[in-house]
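Here's a friendly tour for someone meeting this structure for the first time. Have a look at the fold below, and then we'll walk through it piece by piece.

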Amino acid sequence: VLPTRVTLVDVGPRDGLQNEKQPVEAEHKIELVHRLQAAGLREIEVTSFVSPKWVPQMADNAEVMAGLARRQGVRYSVLVPNMKGLEAALPTRPDEVVVFGAASEAFSQRNINCSIEESIERFRPVVAQAHAHGLKVRGAISCALGCPYQGEVPLDEVERVVRLMKDIGVDHVGVADTIGVGTPHKVQAAMERALKHYPLHEVSGHFHDTYGQALANIYACLEMGIHTFDASVAGLGGCPYAKGATGNVATEDVVFMLHGLGIETGIDLDALVDAARFISDVLGRKPVSRVANALLAK
Ligand code: HMG
Ligand code: MG
């Protein structure tokens, strides 16, 4: 039996907009978050506190956080790669921080400039401090289904990072298909490794849709009882350090599938499509989402 309710985390403001070549005004990012929460999203990944030399698009992190009209019951999360990031993030009052590691050494080096072991040592005090401030900590595991630099990533490597994250106290792990090469049974195998160390409600999937597999992969996770997924409004996204990776699965497409399955999300699809249209207009293009385009063409 499939879950009756699914939680979607919209990562569009962060994963989506970190990857845009054109600058996006902070006020537009803030408006996007407002529209997402109006559409019923209860978890929103707002920004990242990373080096502005590495990802200039997120340099306005504090401004965006300060501009939010917060809604009760919504969890606002931010990425932090190290203590410097956490120290910058704390005064902006996130509800959750996300440390991000990788199951591939090559990707770890390119994305955060250190080895997997070193990244865990950087995350250790971040987790402790975040917990001391009452924040939840999510751990993203990039390249769990494949790496743009090293290709195949063995399941043992995925599980090793899951275990390392568990050891340092990370509360929740997100298994990420950074380049969208995963297919349903491979995704289930990776999820099984995560579920050896974390309960169902603390494991989520983060699927880039580069090869069009994301909805099938989400369905495969639902069959296992996994009920938390990242998705990105309008299908925004990518990673500046994973060339050719396209956006995350579009939140609209996931919502359409889930509602069709009779699974509750708490999200109003029309309002979500409106948010997709808003950010797509800002960016001067059409949403990547099939569902948004179908509904907008009506
Ligand atoms: P580094 O150069 O090794 O860091 O970068 P460092 O500690 O040697 O410091 C170098 C400079 O950066 C110093 O400044 C630091 O102050 C500064 P300088 O003295 O040269 O003026 N610095 C910072 N500034 C602001 N905020 C910070 C920070 N830390 C150091 N937190 C670092 C290491 C991790 C900082 C760098 O590699 C970085 O910022 N990487 C970010 C990569 C990134 O954001 N990638 C995209 C997000 S991950 C993703 O999209 C994947 C995900 O969606 C899942 C999936 O799909 O796979 C989550
Ligand atoms: Mg991503």
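## Two helices side by side

Before we start, one bit of vocabulary: an angle under 35 degrees between two directions counts as roughly parallel, and one over 145 as roughly antiparallel. Also keep in mind that this is a predicted model.

Now take helix H7 (residues 155-167) and helix H8 (residues 184-195): their axes cross at roughly 30° and come within 9 Å. H7 and H8 are therefore roughly parallel to each other. The crossing of H7 past H8 is right-handed. On the H7 side you'll find Leu155, Val158, Glu159 and Val162, and they meet Ala189, Ala190, Arg193 and Ala194 in H8. Sorted by class, this contact of H7 with H8 has six nonpolar residues, two charged ones and no polar ones.

## A pair pointing the other way

Next up are helix H10 (residues 251-260) and helix H11 (residues 269-283), which pack at an angle of about 165° with their axes 10 Å apart. That angle is over the 145 cut-off, so H10 and H11 are roughly antiparallel to each other. H10 passes H11 in a left-handed crossing.

H10 brings Thr251, Glu252, Val255, Phe256 and His259 to the contact, while H11 brings Leu269, Leu272, Val273 and Ala276. By class, that makes six nonpolar, two polar and one charged residues where H10 touches H11.

## The barrel

How are the eight strands ordered in the barrel? They close up as S1-S2-S3-S4-S5-S6-S7-S8, with parallel pairing. Ignoring direction, neighbouring strands of this sheet are turned by 25° against each other on average.

For a sample of the pairing, look at strand S6 (residues 172-177) and strand S7 (residues 203-207), which run parallel and are joined by five bridges. Ala176 has His206 in S7 as its bridge partner. Helix H5 packs on the sheet too, touching strand S4 (96-102) and S5, and its direction makes about 130° with that of S4. Helix H6 (residues 116-132) also packs there, touching S4 and S5, with its direction at about 170° to that of S4.

## Around the ligand

Which residues come nearest to ligand 1? Out of the 26 residues around it, the answer is Val50, Ser51, Gly85, Ser142 and Thr178. Helix H4 (83-89), helix H5 (105-112) and strand S5 (136-142) are the elements that give two or more residues to this shell.

H4 has the largest share, three residues. By class, the shell around ligand 1 divides into 13 nonpolar, 11 polar and two charged residues.

Note on methods
Residues are numbered from 1 along each chain as its sequence is written. Chains are lettered from A and ligands numbered from 1 in the order in which they are written. This is a predicted model: local features need pLDDT of at least 70, side-chain atom pairs count only at pLDDT 80 or more; totals for chains, interfaces and linings use all residues. A residue is near a molecule or strand if its C-beta atom, placed from the backbone, lies within 6 Å of it. Helices (H or I, at least four residues) and strands (E, at least two) are DSSP runs, numbered from the N terminus. Ala, Val, Leu, Ile, Met, Phe, Trp, Tyr, Cys and Pro count as nonpolar, Asp, Glu, Lys and Arg as charged, and the others, Gly among them, as polar. Axes are lines fitted to C-alpha atoms, for helices over the stretch in contact, and angles run from 0 to 180 degrees between N-to-C directions. Angles under 35 degrees count as roughly parallel, over 145 as roughly antiparallel, 65 to 115 as roughly perpendicular and the rest as oblique. A crossing is left-handed if the near helix is turned anticlockwise from the far one by less than a right angle, and right-handed if clockwise. Two residues are in contact if their C-beta atoms, placed from the backbone, lie within 7 Å. Two strands pair if DSSP finds at least two bridges between them.
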